[in-house]
Amino acid sequence: MKSAVTTVVSAADAAGRFPSMSDFESVKGSFDRAKARLEAAEKLASCLDKFTNLAVDAVYQNGSYEQANKDKCVRDIHHYLRLINYCLVTGGTGPLDEWGISGMREIIRIQLLPTAAYIEAFIFIRDEIKINEVMSQQAETEFKGLLDYLINALA
Amino acid sequence: MLDAFSRTVVSADAKGAALGTEDLANLRKYVADANKRIDATLAITQNVSCIAADAIAGMVCENTGLTQPGGHCYPTRRMAACLRDGEIILRYVSYALLAGDPSVLEDRCLNGLKETYLALGVPTSNAIRAVEIMKIATVAIMTETNTGRKMFKGINSGSGAQCQDIAAEAASYFDLVTEALS
């Protein structure tokens with residue numbers, strides 16, 4: 001799975017060489033960012049339910065979606081946020097790619113679910129929720145980067 | 001392939017739970033030890049030929065018949081293959097050590113290794129002995145308990161004594177190789 005160290009190791013293995021100095025530099029670089037990532041993951045885990053509910057409430061407020069589906073929407077948003085939590089931990093987009101994006105969009109479409117609703121929810125989390133009240137600036141940047149990645153993938 | 005981070009994630013996903021404070025404690029230690037881990041990996045990469053060559057030479061010295069006509073390391077072509085394999089195993093151990101997880105070693109090196117050796121007629125008992133010597137040498141170099149000069153230059157000023165934990169982890173990866181071959 002794509003994460004901080006595996007990309008470096010895969011490349012070294014493909015070339016049949018030992019990890020080089022530049023590989024160590026890149027691993028070190030991802031470890032330097034790891035503190036912010038792990039903080040973001042930790043804070044997100046504690047606010048997962050809160051963020052989900054705020055976002056889904058906001059999406060359903062204007063009445064353009066069927067209220068009956070609301071709990072399923074909550075489940076899915078919760079699922080995606082959990083995958084973002086995993087991505088923050090791994091330092092790569094592996095978990096979102098493998099468990100959230102490949103195939104997931106097709107599933108959403110085939111069941112005639114509005115992807116726009118998901119996108120609205122994540123944009124709400126990114127722009128409206130005061131994330132900086134729960135985590136530091138750097139952690140927030142890491143979290144928002146992954147939200148952007150997910151929004152682009154679903155769009 | 002997994003590393004320490006993705007291993008944690010995979011096991012959390014099996015439970016369907018997000019990773020909170022308690023789960024992250026081990027990873028914080030992994031991050032805090034990053035420099036030591038890089039130094040320990042450097043101890044391997046800077047001494048590859050030395051570790052591998054010594055181990056194969058040691059294996060042959062204990063079994064001089066190996067290089068005699070009819071022995072498994074005769075002619076030199078087969079001896080060279082032996083040295084090459086020693087380096088390959090070291091390479092995968094260095095990957096596993098850097099990643100903090102043995103999956104790369106298991107998936108890409110050990111899976112099917114014993115069967116390959118049996119099919120090629122490589123004596124696994126000798127191979128295991130060579131791996132044991134590589135393990136001892138690697139741990140000694142990492143912890144700077146080898147006789148003679150300091151064998152590696154890390155990116156930190158830290159000494160080998162601080163690499164004890166990580167050297168033990170490296171030893172466990174060599175043990176996996178031994179297990180896979182026996």
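Helices (H or I, at least four residues) and strands (E, at least two) are DSSP runs, numbered from the N terminus. Chain B has nine helices and zero strands. The model is predicted: local features need pLDDT of at least 70, side-chain atom pairs count only at pLDDT 80 or more, and totals for chains, interfaces and linings use all residues. Residues are numbered from 1 along each chain as its sequence is written, while chains are lettered from A and ligands numbered from 1 in the order in which they are written.

Along the sequence, chain B reads α-α-α-α-α-α-α-α-α. Its C-alpha atoms fill a box of roughly 60 × 40 × 20 Å, taken along the principal axes. A residue is buried if 20 or more other C-beta atoms, placed from the backbone, lie within 10 Å of its own, exposed if 12 or fewer, and partly exposed in between. By this count, 40% of the 182 residues of chain B are buried. Two residues are in contact if their C-beta atoms, placed from the backbone, lie within 7 Å. Among contacts in chain B between residues at least 6 apart in sequence, 73% join residues at least 24 apart.

Helix α5 of chain B spans residues 76-99. The expected span of a helix is 1.5 Å times one less than its number of residues. For the 24 residues of α5(B) this gives 34 Å, and the end C-alpha atoms are 35 Å apart, which agrees. Before the helix, Pro75(B) lies in the loop between α4 (48-62) and α5 of chain B. The peptide bond from Tyr74(B) to Pro75(B) is cis, with omega near 0°. After the helix comes Gly100(B), with a positive phi near 75°.

Helix α9 of chain B (residues 164-181) also agrees with expectation: its 18 residues should span 26 Å, and its end C-alpha atoms are 26 Å apart. Its buried residues are Ile166(B), Ala167(B), Ala170(B), Tyr173(B), Phe174(B) and Val177(B). They cover an arc of only 110° around the axis, which puts them on the same side of α9(B). The arc is that of the directions from the helix axis to the C-beta atoms. On the other side, Ala168(B) and Glu179(B) are exposed. The cover over the buried residues includes α3 (34-45), α5, α6 (103-110) and α8 (124-142) of chain B.

Helix α7 of chain B (residues 113-120) is hardly covered, with zero buried residues among its eight. Just after α7(B), Gly121(B) has a positive phi of about 75°. Glu144(B), in the loop between α8 and α9 of chain B, has a positive phi near 55° although it is not glycine. Glu144(B) counts as partly exposed because it has 17 C-beta neighbours inside 10 Å.

A nonpolar core is a set of buried Ala, Val, Leu, Ile, Met, Phe, Trp, Tyr and Cys residues joined through C-beta atoms within 7 Å. The largest has 91 residues, of which Ile84(A), Val93(B), Met134(B) and Ala170(B) touch the most other members. Its largest share, 13 residues, comes from α2(A). Leaving aside neighbours within four places in sequence, Val93(B) contacts Ile44(B), Leu105(B), Ala170(B), Tyr173(B) and Phe174(B).

The contact between the chains takes 32 residues from chain A and 30 residues from chain B. On the side of chain A, α1 (6-15), α2 (21-61), α3 (70-90) and α4 (94-101) each supply at least two residues. The largest share, twelve residues, comes from α2(A).
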